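Student: Could you take me through one helix of this protein in close detail, and then place that helix within the rest of the fold?

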Amino acid sequence: MCSGTVLKELQLVVLDSGRYETPVPRWGFVGYDEWKVNHKFTYKYFLKDSIDYKLQQFLFDTEDEEEVYAKRRFDEVILYFENEEEKSAFELYIENKQDLIESYIVEADKRYYEIDTSNKKYAKECKRRLSTGLALNKALQEFRTLYK
């Protein structure tokens with residue numbers, strides 16, 4: 001706020017039974033299905049030059065072991081880009097590597113996720129998004145190795 005005027009509103013989420021609080025990451029969409037209509041990969045991300053990311057860093061207590069553990073698990077499935085340019089370049093890179101990403105998702109699906117819901121369809125979608133986050137993070141590391 002500035003002089004009583006709201007400049008930006010942020011939504012915060014509390015994770016891991018209250019161990020970790022963070023701004024909600026943004027949605028990202030990349031790749032298309034075989035008909036070039038629907039996005040193939042959905043993911044969550046932060047831009048390191050954004051207010052959201054800076055607030056996340058401000059709220060994070062590196063001295064709290066439980067919070068550090070919770071953030072480490074969170075960071076496994078969230079992508080962190082330096083800026084919008086890096087995000088755009090990465091998405092372009094992914095467009096040409098969709099089969100590779102699918103193979104990374106199959107590999108990530110072997111990990112165990114505890115999703116507390118009685119709705120099997122929702123649990124399956126949650127697992128897919130978590131696996132996609134893991135797969136895209138792996139691809140992001142490869143992208144940075146190739147282009148930095």
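Tutor: A helix here is a DSSP run of H or I with at least four residues, and helices are numbered from the N terminus. On that basis, D52 belongs to helix α1, which covers residues 51-59. The model is a predicted one, and its secondary structure comprises five helices and five strands, arranged along the sequence as β-β-β-β-α-α-β-α-α-α.

The helix I would look at closely is α4, residues 98-108, whose buried residues are Q98, I101, Y104, I105 and A108. Viewed down the axis of α4, these buried residues fall within an arc of 115°, so they line one face of the helix. The spacing behind such a pattern is a general one: an α-helix has 3.6 residues a turn, so residues three or four places apart point the same way. On the other side of α4, D99 and V106 are exposed.

As for what lies over the buried face, the cover of the buried residues of α4 includes the strands β3 (26-32) and β4 (39-47), together with the helices α3 (84-95) and α5.

Helix α5, residues 120-147, contains K138, and K138 touches Y104 and E107 once residues up to four places away in sequence are set aside. Of these two partners, Y104 is among the buried residues of α4. K138 itself is partly exposed, because its relative accessible area of 33% falls between the limits of 20% for buried and 50% for exposed. K138 also lies 9.8 Å from V77, C-alpha to C-alpha, although 61 residues separate the two in sequence.

To return to α1, D52 is buried, since its relative accessible area is 7% and buried means under 20%. Leaving aside neighbours within four places in sequence, D52 is in contact with K8, L10, P23, V24, R26 and F46.

For the protein taken as a whole, 36% of the 148 residues are buried, and of the contacts with a separation of 6 or more, 60% join residues 24 or more positions apart. The C-alpha atoms fill a box of roughly 50 × 40 × 30 Å along the principal axes. The accessible surface comes to about 9,900 Å², with 51% of this belonging to carbon and sulfur atoms. Finally, there are 24 positive and 29 negative side chains, and the centres of these two sets are 5 Å apart.

How values were computed
Residues are numbered from 1 along each chain as its sequence is written. This is a predicted model: local features need pLDDT of at least 70, side-chain atom pairs count only at pLDDT 80 or more; totals for chains, interfaces and linings use all residues. Side-chain values use heavy atoms; hydrogens and water are left out. Helices (H or I, at least four residues) and strands (E, at least two) are DSSP runs, numbered from the N terminus. Buried means under 20% relative accessible area, exposed over 50%, partly exposed in between (1.4 Å probe, protein chains only). Contact means heavy atoms within 4.5 Å. The arc is that of the directions from the helix axis to the C-beta atoms. Accessible areas come from the Shrake-Rupley method with a 1.4 Å probe; for residues, only the protein chains shown count as cover. Lys and Arg count as positive and Asp and Glu as negative; His and the chain ends are not counted. The place of a charge is taken as NZ of Lys, CZ of Arg, CG of Asp or CD of Glu.
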